[in-house]
Amino acid sequence: MLKRLTVRTSSRTQFVDITSEIVKFIEESKVRNGICVVFVPHTTAGITINENADPSVRQDIMNTLNKLVPPSAGYTHLEGNADSHIKASLVGSSVTLIIENGRPLLGIWQGIYFCEFDGPRTRSVYVKIVEG
C-alpha cells in the first residue's frame with residue numbers, strides 16, 4: 001500500500017509533526033505486522049524521528065543545524081539554497097517503522113517529523129506499508 005501525504009510549510013525552516021497522519025495510514029492499511037517506510041522525495045527537505053513532548057528539542061535541532069550549516073557561507077550552488085541541500089543530506093530522506101499489532105513501534109516520547117529547509121512550500125511525503 002502506497003499513500004501520499006501533502007505537507008504545507010509556512011517558513012523557510014520548519015519541523016512539521018506528521019505522526020498522527022502516519023498512524024492513520026497504518027490503521028487504514030489493516031496491516032497488523034509489517035514495515036512502514038516514510039520517504040521524502042525532495043532534495044531540500046528531510047524526515048526524522050525525535051522527541052515530541054517538548055517543542056524546544058525541535059528548535060534546538062534546527063538551531064544546531066543552522067550553526068553547523070549557516071544559510072550564507074560562500075557556497076557555490078547558484079540557487080542560494082545550498083545549506084538546505086546539506087541539511088537535508090544530514091537529516092536523511094526516509095525513516096523505517098516497525099508495525100506491530102497495527103501500530104508503529106515508537107517510543108513514548110517519539111514523533112515523526114517532516115523537516116523543511118527551503119520553504120515555505122507544498123511538499124509530498126510517501127508512505128509505503130508492507131505486511132510481513
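I will go through the sheet, the nonpolar cores and one aromatic pair of this structure, which is a predicted model.

Let me start with the sheet, which is open and is formed by five strands in the order S1-S8-S3-S5-S6, with antiparallel pairing. At its edges are S1 and strand S6, residues 103-104, each of which pairs on one side only. If you follow S1 to its neighbour S8, you will find the two running antiparallel and joined by seven bridges, and you can also see that arginine 8 stands opposite threonine 122 in S8.

Now to the interior, where the largest nonpolar core has 21 residues, and where the members touching the most others are Ile18, Ile22, Cys36, Val38, Phe114, Val125 and Ile129. At least two residues of this core come from each of several elements, including helix H1 (19-29), strand S3 (33-39) and strand S8 (122-131). Taking cysteine 36 as an example, and leaving aside residues up to four places away in sequence, its contacts include Ile22, Ile26, Val95, Leu97 and Ile129, and also Lys128. Apart from that core lies another, of seven residues, and among them are Met62, Ala88, Tyr113 and Phe117.

Tyrosine 113 brings me to the aromatic rings, where the count comes to one pair. The partners are phenylalanine 15 and tyrosine 113, with ring centres 6.2 Å apart and planes at 35 degrees, so the pair is described as tilted. Because phenylalanine 15 lies in strand S2 and tyrosine 113 in strand S7, the pair ties together parts that are 98 residues apart in sequence. Phenylalanine 15 is buried, with a relative accessible area of 14%, and tyrosine 113 also counts as buried, at 1% relative accessibility.

Methods. Residues are numbered from 1 along each chain as its sequence is written. This is a predicted model: local features need pLDDT of at least 70, side-chain atom pairs count only at pLDDT 80 or more; totals for chains, interfaces and linings use all residues. Side-chain values use heavy atoms; hydrogens and water are left out. A nonpolar core is a set of buried Ala, Val, Leu, Ile, Met, Phe, Trp, Tyr and Cys residues joined through side-chain atoms within 4.5 Å. Buried means under 20% relative accessible area, exposed over 50%, partly exposed in between (1.4 Å probe, protein chains only). Helices (H or I, at least four residues) and strands (E, at least two) are DSSP runs, numbered from the N terminus. Contact means heavy atoms within 4.5 Å. Two strands pair if DSSP finds at least two bridges between them. Rings of Phe, Tyr and Trp (its six-membered ring) pair if their centres lie within 6.5 Å; planes under 30 degrees apart count as stacked, over 60 as edge-to-face and the rest as tilted.
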